[in-house]
Amino acid sequence: GPAKFSIKEMVDMLESAVAAKPDGIAITISNPTPFDEPLRRAIKQGIPVIAINVPDTRSEEERIPYLCYVGADLYLDGVEVAQRVLKEFTPKRVLIGISEPGNVALEMRAKGFRDVMKEKSVPVEKLDITVDPIKAIGAFESYFARHPETDAIFVASFLGTQPALRFLEERGLVGKVKLASCDLSPMIVSAIKEGTMICTVDQQQYLQGYLPIEFLYFYNRYGFCPCKDVLTGPMIIDAGNIGIVEKTVEEGYR
């Protein structure tokens, strides 16, 4: 995938991969529509395809016929985070920060979170915070100026975590506005340990890189492949398990 989120660039890379006639393709389907034709063409040519990280979220009839999906249940990511936040308190209003609008993974997380909060009649609003940290802080400032009663933020990817933390610290809102995030990083681990973040949700991304290659190897050599999705998450990480998780993060970043 490209260094920066770009559907067009990713489709161009996919076309190059298909033209190379590989023994298999593992791909994140960030948006099913532009990937539909080239992936169906690859499958028709006999190239096995496995979806990773983000599946084709359309119905079974419409879905690209890849072998299986390896990754988290993205909708459940949002559900689990919302339920964990509600164990802490019931917010007056929640802001969901989306760094890449249109990215299926982030939109599904946002929907799961919103659906849980809706059952509790908690107002929830999505906000495009972009991938630029400075613009994200500005977006948070503008939103809170309009809705000062907001007392919880959910950022749907780790890209929004740093600007969200910085915004809360600079405005003296740490502890007053609860924060939840997605994925893991040393910064997120520290924020949970310090109590500036309630939780994050992990999807064991290393498995999303390892397992598809193993599956494609066995498929090519023996014809075996899981016929169902292989879920690697979600898993909630909070103050209760951050100690043991921290060791995993330290080892991973070495």
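Let's start with exposure: buried means under 20% relative accessible area, exposed means over 50%, and partly exposed is in between (1.4 Å probe, protein chains only). This is a predicted model, where local features need pLDDT of at least 70 and side-chain atom pairs count only at pLDDT 80 or more, while totals for chains, interfaces and linings use all residues. Residues are numbered from 1 along each chain as its sequence is written, and side-chain values use heavy atoms, with hydrogens and water left out.

**Exercise 1. A pair within one helix**

Task: Work out how Asp-12 and Lys-8 are linked, and where they lie.

Solution:
- Step 1. Get the rule straight: a salt bridge is a side-chain nitrogen of Lys or Arg within 4 Å of a carboxyl oxygen of Asp or Glu.
- Step 2. Check the gap. The closest N and O atoms of Asp-12 and Lys-8 are 3.2 Å apart, and the two form a salt bridge.
- Step 3. Find the place. Both sit in helix 1 (residues 7–19), 4 residues apart, about one turn of the helix. Helices here are DSSP runs (H or I, at least four residues), strands are runs of E with at least two, and both are numbered from the N terminus.
- Step 4. Look at the cover. Lys-8 is exposed at 61% relative accessible area, and Asp-12 is partly exposed at 40%.

**Exercise 2. Another helix, another pair**

Task: Say whether Arg-84 is buried or exposed, and describe its link to Glu-88.

Solution:
- Step 1. The side chains of Glu-88 and Arg-84 meet in a salt bridge, 3.0 Å from N to O.
- Step 2. The two are 4 residues apart in helix 3 (residues 74–88), so about one helical turn separates them.
- Step 3. Arg-84 has a relative accessible area of 18%, so this residue is buried. Glu-88, at 41%, counts as partly exposed.

**Exercise 3. A link across the sequence**

Task: Which parts of the chain does the pair Arg-109 and Asp-183 tie together?

Solution:
- Step 1. Start with the contact: the side chains of Arg-109 and Asp-183 meet in a salt bridge of 3.7 Å, N to O.
- Step 2. Place both ends. Arg-109 lies in helix 4 (residues 104–119), and Asp-183 is in the loop between strand 7 (178–182) and helix 7 (186–194), so the pair ties together parts that are 74 residues apart in sequence.
- Step 3. Check the cover. Arg-109 is buried at 3% relative accessible area, and Asp-183 counts as buried at 5%.
- Step 4. Now look for a network. Asp-36, Arg-40, Asp-56 and Arg-58 are joined into one by salt bridges that share partners.
- Step 5. Get the total: a search of the whole structure finds 18 salt bridges.

**Exercise 4. Cysteines**

Task: Why is Cys-182 not bonded to Cys-199?

Solution:
- Step 1. Recall the chemistry: a disulfide is a covalent bond between the sulfur atoms of two cysteines.
- Step 2. Take the cut-off, which is a pair of cysteine sulfur atoms within 2.5 Å.
- Step 3. Compare. The closest cysteine sulfur to that of Cys-182 is in Cys-199, 8.6 Å away, and that is too far for a bond.
- Step 4. Count up: this rule gives 0 disulfides.
- Step 5. As for cover, Cys-182 is buried at 0% relative accessible area, and Cys-199 is buried at 0% too.

**Exercise 5. Unusual backbone spots**

Task: Which peptide bond is cis, and where do Asn-53 and Thr-130 lie?

Solution:
- Step 1. Keep the usual case in mind: most residues other than glycine have a negative phi, and most peptide bonds are trans.
- Step 2. The bond from Gly-233 to Pro-234 is cis, with omega near 15 degrees. Pro-234 is in the loop between strand 9 (230–233) and strand 10 (235–238).
- Step 3. Asn-53 isn't a glycine, yet has a positive phi of about 70 degrees. You'll find Asn-53 in the loop between strand 2 and strand 3.
- Step 4. Thr-130 has a positive phi too, near 60 degrees. The place of Thr-130 is the loop between strand 5 (124–128) and helix 5 (133–146), and this residue is partly exposed at 25% relative accessible area.
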